[in-house]
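This briefing describes one protein chain for a reader at the bench. It begins with a single residue and its contacts, then turns to other local features and the chain as a whole.

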Amino acid sequence: MRVSSAGNGRILINFDEKGRIIDLYYPYIGMENQTAGNPIRLAIWHDGKLSLDEEWKTEVSYLDYTNIVEIKHTIDKLNLSITSYNFVDLDEPIFYSIIKILNESNSEKNVKLFFIHDINLYANPFGDTAFYDPYTYSLIHYKSKRYLGFRAFTTTYSFSDYTVGKGDLVSDLYDGYLGKNSIENGDVNSALGIEIKIDPKSFSKIYYVIVADRNLESLRRNMRKINFANVESSFTLTYMFWRNWLRNQRDLHLLDNIRKIYQVSVFTIRNHMDVNGSIIASSDFSFVKLYGDSYQYCWPRDGAISTYALQLAGYKELALRHFNFISDLLSSEGFLYHKYNPNRTLASSWHPWYLRGKGIYPIQEDETALEVWAIGSYYEKYGDIDEIAKLYKKFVKPSLKFMMNFMEEGLPKPSFDLWEERYGVHIYTVSTVYGALIKGSKIAHDMGDEILSEDLVDTANTLKEVTLKKMVYNGRFIRRIDEDGNTDFTIDSSMYSPMFFGMIEPNSPIMKNTIQAIESKLKVNGGIIRYENDMYQRRKSSPNPWIITTLWIAEYFADIGDKNKALEYISWVVNRALPTGFLPEQVDPETFEPTSVTPLVWSHAEFIIAVNKLLE
């Protein structure tokens, strides 16, 4: 399970519950996991005994509310403990680990720490080469334009024990020595070992670094620059940067457990954002091995909600970076497709282009609407007309025109729902389109498109009128009208959306009845499931509660001023977080264990939104 991460927009490192690096994304965040989800293993050899990482007691946390991962191992049988501080360079694709090994016994210890690398460049095991490089005292793995360098050293010397080979290299560790094979190719692994002496009741330090690059000479230059002094200096700079970076946030007069997850949420969004502005849904690679695909894509839906959360948290420049990324992806018709790779190419999809005998757009219209709504929210908050002007011409205006034209009898034409399962006219899509039209009209007006602005308001008003006539049943909203015009009465948590996107006041009778229906039908052990009889990742008789859906209801109660009820739902989410503060997508309804990817960036974004509503 992924429990923490560190990143800088050029490289993203995930750690598992044993404190091991399990994912290494480079050069795009979320694309090309250079480990393919295989952990970098640790082992210690002392006095003829080998101890492997899976035997150790491990605690993983973020250090002092920074984007530095602190990992504590206890190795009882060797009377040793290890504390490491793990972080990435503020700018370059370089990972650092400062490792303190404490000798808790009353006698001197001679120990050797091993690192075992199962690397799969370009996320596949074919055609890799690994070799010992005597010019940089490192192990280098490479294939085509991907190079990874590994090195361990102390204040006085570098590692001297190493090997590269195929298969499981752990078997080569039991005598405390490595074979020193200096090169191998194919599905190749590597291992290095570094020996240190530790005085009684004292500790010694080891420095471990990973450098990523696109060519050998550049990698070697960076490797040669690294020594213990600049690693220590980088740690201080990184620590102070993240402490000061958090000062951008509004004052958080919150309980400590809520503050912790709020700040981890901001880090999580930033770590999952590429330097080019792409925001992936999750870096959890485990699904790839189960289903052949996963969440390492930029969904415009998730990206828009995340940038809105970043705005609330005080990070406008990151939101703007995403908007500039997404503005390059608009189709010639004026809509966004299902999802994208971080390198701006079209990602995998299950939305068909041909359905029931006719061609359709393979889209969720809410994704296009959400990005316009998020840009409109940015403009509403910051009034940054210079930055918005380019986005308006390139993205906002053509998207608004598409949404106005993609109407039929006052409602949006059918598309796929936010859950990516059904085709039709969905209340969530209707609500996001309404929000986009209203916020977009303000931008259009200020850009001088006054006629378009008026048309947008007129279209939004008609949309609201028709929605209240056709998408309300028994005093509450319905979730959709299917492609045959039939009303879908299933209670769905996304029916909260008319309130969130401003179509209807939170205190209106229709909205109150809708939330009452959601709580009545969808509440399971304190959390909110997506919709009645949801089968996705289901393990028990009841569907799994989701983090985002639970937070939606918290946001509603915060909006109507019922802070206690809002805090009740937020506290439920806090109790579902991992000890590090990571939030999953959904949890088992009985054990509350994560049942899907962890972390889900959308979960963290909704947490930020809900907390800000609580504070308003």
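In this predicted model, R530 is in contact with W419, E421, D492, S493, L522, Y536, W546 and T549, leaving aside neighbours within four places in sequence. R530 lies in the loop between β30 and β31, and at 2% relative accessibility it counts as buried. The C-alpha atoms of R530 and S494 are 7.5 Å apart in space, although the two residues are 36 apart in sequence.

**Surroundings of Y496 and I515**

- Y496 has its place in the loop between β28 (487–488) and α11 (497–500).
- With a relative accessible area of 1%, Y496 is buried, because the cut-off for that class is under 20%.
- Residues up to four places away in sequence aside, Y496 touches Y428, F501, M511, I515, I518, W552 and E555.
- One of these contacts, E555, is 59 residues from Y496 along the chain, and the two C-alpha atoms are separated by 9.4 Å.
- I515 belongs to helix α12 (residues 509–522) and is buried, with a relative accessible area of 2%.
- The contacts of I515, not counting residues up to four places away in sequence, are Y496, I553, Y556 and F557.
- Between I515 and S493 the C-alpha distance is 8.4 Å, for a separation of 22 residues in sequence; S493 is also among the contacts of R530.

**Helices α5 and α6**

- Helix α5 (residues 300–313) has 14 residues and reaches 20 Å from its first C-alpha to its last, close to the 20 Å expected at 1.5 Å a residue.
- How many residues of α5 are buried? The count is 14 of the 14, so α5 is largely enclosed by the rest of the structure.
- G314 follows α5 and has a positive phi, near 100°.
- In helix α6 (residues 316–326), the buried residues include L318, A319, L320, H322, F323, F325 and I326.
- An α-helix has 3.6 residues a turn, so residues three or four places apart point the same way.
- Which elements cover the buried residues of α6? Among them are α2 (228–245), α3 (256–271), α5, α7 (365–382) and α8 (385–405).

**Backbone exceptions**

- Most residues other than glycine have a negative phi, and most peptide bonds are trans. The residues below depart from one or the other pattern.
- Y26 and P27 are joined by a cis peptide bond, with omega about 5°; P27 is found in strand β3 (residues 21–28).
- A cis peptide bond also runs from T598 to P599, with omega near 0°. P599 sits in the loop between α14 (563–576) and α15 (601–615).
- E420, a residue other than glycine, has a positive phi near 65°. Its place is in the loop between β23 (415–416) and β24 (423–426).
- N533 is not a glycine either, yet its phi is positive at about 60°. N533 lies in the loop between β30 (527–529) and β31 (545–546), and R530 lies in the loop between β30 and β31 as well.
- Are E420 and N533 buried or exposed? E420 counts as buried at 11% relative accessibility, whereas N533 is exposed, with a relative accessible area of 54%.

**The chain as a whole**

- The secondary structure comes to 15 helices and 31 strands.
- The chain has 616 residues and a radius of gyration of 26 Å, which agrees with the value near 25 Å for a compact globule with that number of residues.
- Along its principal axes, the C-alpha trace spans about 80 × 45 × 45 Å.
- Of the 616 residues, 63% count as buried.
- Contacts between residues at least 6 apart in sequence join residues at least 24 apart in 65% of cases.
- The accessible surface of the chain comes to about 22700 Å², and carbon and sulfur atoms account for 47% of it.
- The chain has 67 positive and 79 negative charges, and the mean positions of the two sets are 2 Å apart.

Key: Residues numbered from 1 in each chain as written. Predicted model: local features only at pLDDT ≥ 70, side-chain atom pairs only at ≥ 80, totals over all residues. Heavy atoms only, no water. Helix = DSSP H or I, 4+ residues; strand = E, 2+ residues; numbered from the N terminus. Rg over C-alpha atoms; globule rule 2.2 N^0.38 Å. Buried < 20%, exposed > 50% of the residue type's maximum accessible area, 1.4 Å probe, protein only. Contact = heavy atoms within 4.5 Å. Areas by Shrake-Rupley, 256 points an atom, 1.4 Å probe, with all protein chains shown as cover. Lys, Arg positive; Asp, Glu negative; His and termini not counted. Charge placed at Lys NZ, Arg CZ, Asp CG, Glu CD. Expected span 1.5 Å × (residues − 1).
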